[in-house]
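Visitor: Before we begin, could you show me the model that we are going to discuss?

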Amino acid sequence: MRYRLTFISGLAVGYVLGARAGRERYEGLMKSARQVAQNPAVRNAAEAAATNGRRAASRAAESVGSKMGDRLPGAVTERVRSLRDQRSPEADDWGTTNT
């Protein structure tokens, strides 16, 4: 699914950058993109996807941690902790809450 979204995003960017329809068509595309981004259903879906992604990542980290135990080098463990500490607990880059 991620590859499909990446492909579609790349296709859209390529079209916008390569379109010869002029500024008017570009403005129309940007207006449509803003409307889609402001749609509450799209925003809810994005937040749900972010929440599910965080849950899956948390479960994966717990699973790896329980299987690896103390076998991870200390440098790796410290790096993971420092990356966790850098994250803001209130919001992520997508503007969604970390619930």
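Visitor: What distance should the 17 residues of α1 span, and how far apart are its end C-alpha atoms?

Guide: This is a predicted model, in which local features need pLDDT of at least 70, side-chain atom pairs count only at pLDDT 80 or more, and totals for chains, interfaces and linings use all residues. Residues are numbered from 1 along each chain as its sequence is written, and side-chain values use heavy atoms, with hydrogens and water left out. Helices are DSSP runs of H or I with at least four residues, numbered from the N terminus, and the expected span is 1.5 Å times one less than the number of residues. For α1 the expected span is therefore 24 Å, which agrees with its end C-alpha atoms, set apart by 24 Å.

Visitor: Is Phe-7 of helix α1 buried or exposed?

Guide: Phe-7 belongs to helix α1, residues 2-18, where the count of buried residues is 0. Buried means under 20% relative accessible area, exposed over 50%, and partly exposed in between, with a 1.4 Å probe and protein chains only. Because its relative accessible area is 56%, Phe-7 is exposed.

Terms used: Helix = DSSP H or I, 4+ residues; strand = E, 2+ residues; numbered from the N terminus.
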